[in-house]
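Here are some short exercises for getting to know a structure you have not met before. Try each task yourself, then read through the solution.

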Amino acid sequence: DLVLDRLATERDLITAELARNGSTMLDRLPVGVLVSRGDVPIYANRTLLDLLDFPDLEALHQAGGVAFMFRGREAERLNHAAEGGAIPIVARDGHVLSVDVRIQSIEWDGDAASLFTIRRSLDGELGQRVKTLELDVRTRQAEARELHAILDTATDGVVVLDEEGRVLAMNRSAEAL
């Protein structure tokens with residue numbers, strides 16, 4: 001009995017410690033955490049509030065809560081439609097962010113709730129970078145075509161050589177010479 005009492009006391013101490021420090025631990029997670037009932041957010045960690053640029057949970061609630069974040073679309077349906085891919089959410093300023101979301105049903109304060117874990121989507125960020133790089137390549141290719149056309153119409157011969165003196169390119173006038 002003494003051992004059981006000691007274990008129960010230790011368990012109670014650990015539970016009390018977790019209750020005191022739980023919010024601090026959740027705020028330090030590298031993913032956003034949101035607990036809601038329907039569209040009403042009942043808990044959001046600092047990581048999520050910072051990602052969405054809200055000062056606190058009340059400001060997120062006043063903006064429209066979960067419905068605002070997902071532009072009025074049901075998060076569960078978006079989550080299933082994305083099939084593990086990125087989905088869009090909206091920040092306070094209206095900026096759309098590409099995120100990965102996992103939604104689970106949990107019990108919070110004795111009642112059913114939804115737990116959202118949210119992190120910026122690497123696929124979404126990489127996709128944007130690839131699009132930017134593709135645009136940059138197209139722009140540079142267009143500039144190169146334009147410069148090539150200008151050199152071809154020049155009356156002077158122009159030859160491009162590498163470090164060893166090999167001819168890499170020449171315009172029409174150089175070819176004619």
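**Exercises with solutions**

**Exercise 1.** Find what share of contacts between residues at least 6 apart in sequence join residues at least 24 apart.

*Solution.* Keep in mind that this is a predicted model. Start with the contacts in the protein chain whose residues are at least 6 apart in sequence; 33% of these join residues at least 24 apart.

**Exercise 2.** Work out how many helices and strands the protein chain has, and in which pattern they follow one another.

*Solution.* Begin with the count: there are seven helices and seven strands. Next, walk along the sequence, and the pattern reads α-β-β-α-α-α-α-β-β-β-α-β-β-α.

**Exercise 3.** Describe how much of the protein chain is buried and what its exposed area consists of.

*Solution.* The protein chain has 177 residues, and 25% of them count as buried. Turning to the surface, about 12400 Å² is exposed, with 55% of that supplied by carbon and sulfur atoms.

**Exercise 4.** Characterise the aromatic pair of F54 and F68, and decide whether each residue is buried or partly exposed.

*Solution.* The whole structure holds three aromatic pairs. One of them joins F54 and F68, with 6.0 Å from centre to centre and 80° between the planes. Planes over 60 degrees apart count as edge-to-face, and this pair is edge-to-face.

Now locate the partners. F54 sits in the loop between α2 (46-52) and α3 (57-63), while F68 belongs to helix α4 (residues 65-69), so the pair ties together parts 14 residues apart in sequence.

Last, check accessibility. F54 has 3% relative accessibility and therefore counts as buried, whereas F68, at 23%, counts as partly exposed.

Notes: Residues are numbered from 1 along each chain as its sequence is written. This is a predicted model: local features need pLDDT of at least 70, side-chain atom pairs count only at pLDDT 80 or more; totals for chains, interfaces and linings use all residues. Side-chain values use heavy atoms; hydrogens and water are left out. Helices (H or I, at least four residues) and strands (E, at least two) are DSSP runs, numbered from the N terminus. Buried means under 20% relative accessible area, exposed over 50%, partly exposed in between (1.4 Å probe, protein chains only). Contact means heavy atoms within 4.5 Å. Accessible areas come from the Shrake-Rupley method with a 1.4 Å probe; for residues, only the protein chains shown count as cover. Rings of Phe, Tyr and Trp (its six-membered ring) pair if their centres lie within 6.5 Å; planes under 30 degrees apart count as stacked, over 60 as edge-to-face and the rest as tilted.
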